Amino acid sequence: MGIDGIINQDPLGTSTVYIQAKRYKDDNVVQRPAIDGFFGALSRVHADRGVFITTSHFSSSAISTAKNFSIVLIDGIQLTNLMLQYQVGVQVKKHLDLFEIDEDFFED
């Protein structure tokens, strides 16, 4: 268990976020030992923040452990929403407009 990515939030690198990412099937739940391992990796680099991302979801013990360690968790649903919101790794395939009747337009 290590660090998969690093985000420097400022040019001097004084605000750094470390990333752990797991591509799992939906039925493969991230458990507490994975969070413990990531926290160990963060400790080795003296990091004060981390984000653990999975395409699956987290067990309740993983969630409570992450809160204790100040690790942000992003599950598959949140990841999908973020990808759509910021248009990362996606492209518009079809755009639809939905219309309804403007009743005010037809009043006498």
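Does Phe52 count as buried or exposed? Phe52 counts as buried, because its relative accessibility is 0%. To earn that label, a residue has to come in under 20%. One thing to keep in mind as you look around: this is a predicted model.

## Rings that meet

Let's stay with the aromatic residues for a moment. How many aromatic pairs does the structure hold? There are four of them. One joins Phe38 and Phe52 in an edge-to-face arrangement, with 5.7 Å from centre to centre and 80 degrees between the planes. This pair links distant parts of the chain: Phe38 belongs to helix H1 (residues 32-44), Phe52 belongs to strand E3 (residues 50-54), and the two are 14 residues apart. Phe38 is buried, since its relative accessible area is 0%. Its partner Phe52, as you saw at the start, is at 0% and counts as buried.

Another edge-to-face pair is made by Phe105 and Phe106, with 5.0 Å centre to centre and 85 degrees between the planes. Where do these rings fall on the accessibility scale? Phe105 has 62% relative accessibility, so it counts as exposed. Phe106 is also exposed, at 58%. Back with Phe38 and Phe52, a further residue joins in: ring pairs link Phe38, Phe52 and Phe58 into a cluster.

## Around helix H1

Helix H1 has more to show you than Phe38. Ala34 sits in helix H1 too, and it counts as buried because its relative accessibility is 11%. If you go looking for Gly2, you'll find its C-alpha 9.9 Å from the C-alpha of Ala34, although 32 residues separate them in sequence.

Asp36 and Arg32 use their side chains to form a salt bridge, with 3.5 Å from N to O. Why are they about one helical turn apart? They are four residues apart in helix H1, so about one helical turn separates them. Asp36 is partly exposed, with a relative accessible area of 31%, and Arg32 counts as partly exposed as well, at 42%.

## The other salt bridge

How many salt bridges does the structure hold? The count is two. Besides the one in helix H1, there is a bridge between Arg49 and Asp48, whose closest N and O atoms are 3.2 Å apart. Arg49 is partly exposed, with 31% relative accessibility, whereas Asp48 is exposed, at 57%. The line for "exposed" is drawn at over 50%, so Asp48 makes it and Arg49 doesn't.

## Patches on the surface

Now for the outside. Which residues form a nonpolar patch on the surface? They are Leu82, Tyr86 and Val88, and together they have about 300 Å² of accessible area. Tyr86 is part of helix H3, and it counts as exposed because its relative accessibility reaches 56%.

There is also a charged patch to find. Glu100, Asp102, Glu103, Asp104 and Glu107 gather on the surface as a patch of negative charge. Glu100 is in the segment that follows helix H3 (76-86), and it is exposed, with a relative accessibility of 75%.

## Two unusual backbone angles

Most residues other than glycine have a negative phi. Two residues go the other way here. Ser70, which is not a glycine, has a positive phi near 60 degrees. You'll find Ser70 in the loop that runs between helix H2 (60-69) and strand E4 (71-74). Is it buried or partly exposed? Ser70 is partly exposed, because its relative accessible area is 48%.

Gln87 is the other example, with a positive phi near 50 degrees in a residue that isn't glycine. Its place is in the segment after H3. With a relative accessible area of 57%, Gln87 is exposed.

Terms used
Residues numbered from 1 in each chain as written. Predicted model: local features only at pLDDT ≥ 70, side-chain atom pairs only at ≥ 80, totals over all residues. Heavy atoms only, no water. Patch = residues over 30% accessible without salt bridge, like charges linked within 9 Å, V, L, I, M, F, W, Y side chains within 5 Å. Areas by Shrake-Rupley, 256 points an atom, 1.4 Å probe, with all protein chains shown as cover. Salt bridge = Lys/Arg side-chain N within 4 Å of Asp/Glu carboxyl O. Lys, Arg positive; Asp, Glu negative; His and termini not counted. Charge placed at Lys NZ, Arg CZ, Asp CG, Glu CD. Buried < 20%, exposed > 50% of the residue type's maximum accessible area, 1.4 Å probe, protein only. Phe/Tyr/Trp six-rings, centres within 6.5 Å; stacked < 30°, edge-to-face > 60°.
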